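Trainee: I would like a close look at a single part of this model, taken slowly, with each term explained as it comes up. Please begin with that part and then show me how it fits into the rest.

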Number of protein chains: 2
Amino acid sequence: MGQRVLIVGGVAGGASCAARARRISEDAEIVVFERGPYASFANCGLPYHVGGVIAERRRLLVTKPELLRDRFRIDLRTRHEVTRINRAERTVEVRDLESGSVITERYDALVLSPGAAPLRPPLPGIDSEGIFSVRNIPDVDAINGWIETRTAKSAVVVGGGFIGLEMAENLVHRGLSVTLVEMLDQVMPPLDPEMVSEVHTHLRERGVNLCLRDGVARFEPSGGAAPTVVTQSGVRHESDLVILAIGVKPEIGLAREAGLEIGDLGGIRIDEQMRTSDPSIFAVGDAVEVRDVVTGDWTLLPLAGPANRQGRIAADVIFGREARFRGVQGTAVVGVFDLTIASTGASEKRLRRAGIPHEKVYLFPPDHVGYYPGRHLMHLKVLFDPGSGRVLGAQCVGRAGVDKRIDVIAMAIQMGATVFDLEEAELCYAPQFGAAKDGVNMAGFIAANHIRGDSPLMHWGDVDNGSFLLDVRSEREVKRSPVPNAVNIPIDDLRERIGEMPRDREIQALCDTGFRSYLAVRILKQAGFRARNVSGGIQSKERLPVG
Amino acid sequence: MGQRVLIVGGVAGGASCAARARRISEDAEIVVFERGPYASFANCGLPYHVGGVIAERRRLLVTKPELLRDRFRIDLRTRHEVTRINRAERTVEVRDLESGSVITERYDALVLSPGAAPLRPPLPGIDSEGIFSVRNIPDVDAINGWIETRTAKSAVVVGGGFIGLEMAENLVHRGLSVTLVEMLDQVMPPLDPEMVSEVHTHLRERGVNLCLRDGVARFEPSGGAAPTVVTQSGVRHESDLVILAIGVKPEIGLAREAGLEIGDLGGIRIDEQMRTSDPSIFAVGDAVEVRDVVTGDWTLLPLAGPANRQGRIAADVIFGREARFRGVQGTAVVGVFDLTIASTGASEKRLRRAGIPHEKVYLFPPDHVGYYPGRHLMHLKVLFDPGSGRVLGAQCVGRAGVDKRIDVIAMAIQMGATVFDLEEAELCYAPQFGAAKDGVNMAGFIAANHIRGDSPLMHWGDVDNGSFLLDVRSEREVKRSPVPNAVNIPIDDLRERIGEMPRDREIQALCDTGFRSYLAVRILKQAGFRARNVSGGIQSKERLPVG
């Protein structure tokens, strides 16, 4: 008989671990305890079932229990909760949630994949009827039931992260009027604020009542179907349905009670082999802290891709293989109505917190060339080490081609690429798919021009009254959106009027997106002036966070 | 006064070189001689203007002459042909095609960007009216004029490469009935034949009369608007319009006459700095031979992206910078009706020719998860070094997500990634954008499973009668598409029926796409049998080239 592997939790990481374990070992005994009623389900699809985009509920049940049993010989026990780990004995106590009976099960290796639970702060009224989380199929069943029986017409979504945004979109799609309440001054906190201001505009254009910088104070009984959401500023949002999506926290009760090491961020501490502080116990998925490959810090990243990889690695290690988890870079994507928002690597705020030197470029490349119909511009930010040029992170927002650029840069970061490598990237080009100089190349050009000193970059936050602010847009553009204190000399006139430039001050050049001002900087520097380019130009200015 | 840089050819490479030269040197004198009537135009868009997708002709004129003059101070002279290089004097002779006058111009550096000319083999009748190439705007003007004045209803396209396929699609889009004649047994010769059989089917489904393995013998006068295309097999194709798109050859007349070194493939020979055998003369774009970074061989790659990069590098080098061209990996994409076809790195046939050891995986991953609507499967092939696992090439065909996967793998190849890196890639995942295990990861898993010996791969060409062919599909699937000589044991029954497996022979396992047969191989190998997995299963078999 082979090893006895017990797995706590049958979604993503747990299911991957179980299947991988069987592929490695035919004689292992593999038991999965899942508290909920289903094996691995499509939890990333839950909001889309509420919205009716995924119309059939059965579509969410991606892994059939029979499949696990017949194909993988996995003993899946749903509605079974592991309540206690006895490390000395290498046993767990398991409660059958149907019968209430408790049994003890022996393990050679134990894998914890309990996931993360929605945050539910102890606010007054939080346990009222009509407030829902979105974690599993029973949750969306309850939401759908509530909407139908109450013929709900409005909803308040609390929280502007992935789930909050997806729920807002899907509830609008279902015909509800939606208010989105977010405590921070931005949605999508993994991104830097200037990258999501376009998302704020888009949400409002699509009818979402977006309320930023205002956390929830309490939930009060109301005449409507759901409690009134009262914010810290005193605003009262009435609705028929409240969705609570303010984040998740690792489920560590079992691990903590067993005395396993917990990290500073509240996740289970593991090594590169997914081993906890007890060498017979492994942990994977949303409940663990993982290493951020860019900053080297511990982080929490509750996403399905890393969970799956971790599950595989835990199984490999249990059966004596040399697998190691390389850490995470935080690649993520979310669709919000017509926009795609994606990022990989570290954000600027994260780099600043970690004290890592960084520089950034902003650009607005097309998803494909402008002469082919249907072109959309995206907003791309790339962070890099100003010394070596190593790519540290990227964020992108737009209507098309966003996930492609972030995936390419994700691979670049994984392989330790520099901005000089991005310059040289050879990517697909035909008129409907890209450009001969893709946005990824352009980001490399701009960053490399900075590092080589050809066109040093600066940013709106550094625009200085002591400098000479030069606006090289056309007169018509300047009239439409003037920049205070800037002197306008259209780029094509700059050579003739170069005598107007000051020798005693730095010249800060700007245009609409940063390309013409780059040309201006080249002209000026060759004529012996000190000059820098305002990255992303007016387009970046318009996206600066307000206030 | 700065250097005097003369550039022959104002499209792609030449235009990039000129603009880059100005950005580096304000005092250089930069003159571009362009034989045609326009500066840089959208030559990748030409077929789409014929199809009406790019409705306005002016859209093709992407670079205005005034822009080059006023913004870059480039002296662009259209309708000027450089007819001779005098290397000893460092001069060129230039003919003004309007006036016929010839002048001599001095250079410090000369950049040749003459492009490549459509192949026109000396077939009888090839100079007849009604036969067109697709190289520049006058060509498409002529095609459009011909279609209109003759109210053309049918066309024969000769050649199934990029231009031939795009022209076929666009002529169908314009309402013509189209015959595509190709001498080889496949369209898109850069790809391996099994990767384009789906394209053949798709072309026929969309009404194209596709005639493979039949070259043109001659063009004969006919009663119709265009000559009759008579093939080597004797078939006669009548039509109102003939498009000749059988490839291009570098324009090297000027270079050869000047005694510059020409490579074995007929392109101008250059070094890593884009320098020809004369250190004052550079060459870029479709006319030069470049190094293939995967095979190390010289190659011709007439594409816009590399041409642009080469133009930049030539300018850098002229002005004393340390730039080097890293070579090409051949990333390319083409749209054919609803299909996208893309590739990067070396094809199998190229690796075989170069004598480079390689192994391959076939898989059929979804563009996004199946539980979200609108999912399409693509056909992905990844080539890798069977020892180190280094990724050597990839090809992909499908309706969605194709260019993204190839771009990610292009970046992986550029950075020297292995299939183990593909396993660990952290890519965007949300239901509408991908999968927690993306196709790129899956390709890595399958290849790594092969290298590690967990599930050795084999291919249909190696299926051997002396082996035991095991089909683990369901009985229903087998009934629909039986495999001769295969024994059917559905995967879920394999453990019970493992006694039926032979100990004296290798077992070759297959299923629909290769996943269940992978599981079968794992079960068999752990039970001590010799077993291999038929990569891509029935789906690969159905795509094998016929005959």
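Mentor: Let us begin with H8(B), a mostly covered helix in which 14 of the 15 residues are buried; a residue is called buried if 20 or more other C-beta atoms lie within 10 Å of its own, exposed if 12 or fewer do, and partly exposed in between, with the C-beta atoms placed from the backbone. Before going on, please keep in mind that this is a predicted model, in which local features need pLDDT of at least 70, side-chain atom pairs count only at pLDDT 80 or more, and totals for chains, interfaces and linings use all residues. Residues are numbered from 1 along each chain as its sequence is written, while chains are lettered from A and ligands numbered from 1 in the order in which they are written.

The name H8 follows from the way elements are found, since helices (H or I, at least four residues) and strands (E, at least two) are DSSP runs, numbered from the N terminus. Helix H8 of chain B covers residues 304–318, and at 1.5 Å a residue its 15 residues should span 21 Å, which agrees with the 21 Å between its end C-alpha atoms; the expected span is 1.5 Å times one less than the number of residues. After H8(B) comes Gly320(B), which has a positive phi near 85°.

H8(B) also belongs to the side of chain B that touches chain A, where the elements giving two or more residues are H3, H8, strand E21 (332–336), helix H10 (402–414), helix H11 (419–424) and helix H14 (515–526) of chain B. The contact takes 61 residues from chain B and 61 residues from chain A, where two residues are in contact if their C-beta atoms, placed from the backbone, lie within 7 Å. The largest share of chain B's side, nine residues, is given by H10(B). That side divides into 36 nonpolar, nine polar and 16 charged residues; here Ala, Val, Leu, Ile, Met, Phe, Trp, Tyr, Cys and Pro count as nonpolar, Asp, Glu, Lys and Arg as charged, and the others, Gly among them, as polar.

H10(B) can be read in the manner of H8(B): its 13 residues reach 18 Å from the first C-alpha to the last, close to the 18 Å expected at 1.5 Å a residue. Because 13 of the 13 residues of H10(B) are buried, this helix is largely enclosed by the rest of the structure. Gly416(B), with a positive phi near 75°, follows H10(B).

Another contributor to the contact side, H3, leads to Arg73(B), which sits in the loop between helix H3 (65–72) and strand E3 (74–78) of chain B. Arg73(B) has a positive phi of about 50° although it is not a glycine, and it counts as partly exposed because it has 17 C-beta neighbours inside 10 Å.

How are the two chains related? Chain B can be laid on chain A with an RMSD of 0.0 Å by a turn of 180° and a shift of 0.0 Å along the axis, the superposition being made by least squares on the C-alpha atoms of residues with pLDDT of at least 70 in both. The two copies are therefore related as by a two-fold rotation axis. The same surface serves both copies, with 100% of the contact residues of chain B recurring in chain A.

In chain A, Leu303(A) lies in the loop between strand E20 (298–299) and helix H8 (304–318), and it counts as buried because it has 21 C-beta neighbours inside 10 Å. Between Leu303(A) and Leu457(A) there are 34 Å in space, C-alpha to C-alpha, and the two are 154 residues apart in sequence.

Finally, for the wider setting, chain A has 15 helices and 30 strands, and 53% of its 547 residues count as buried. The domain assignment of chain A, which is an automatic or database one, gives domain 1 (4–115 + 249–318), domain 2 (131–246), domain 3 (338–451) and domain 4 (457–542). The centres of domain 1 and domain 4 of chain A, taken over C-alpha atoms, are separated by 56 Å.
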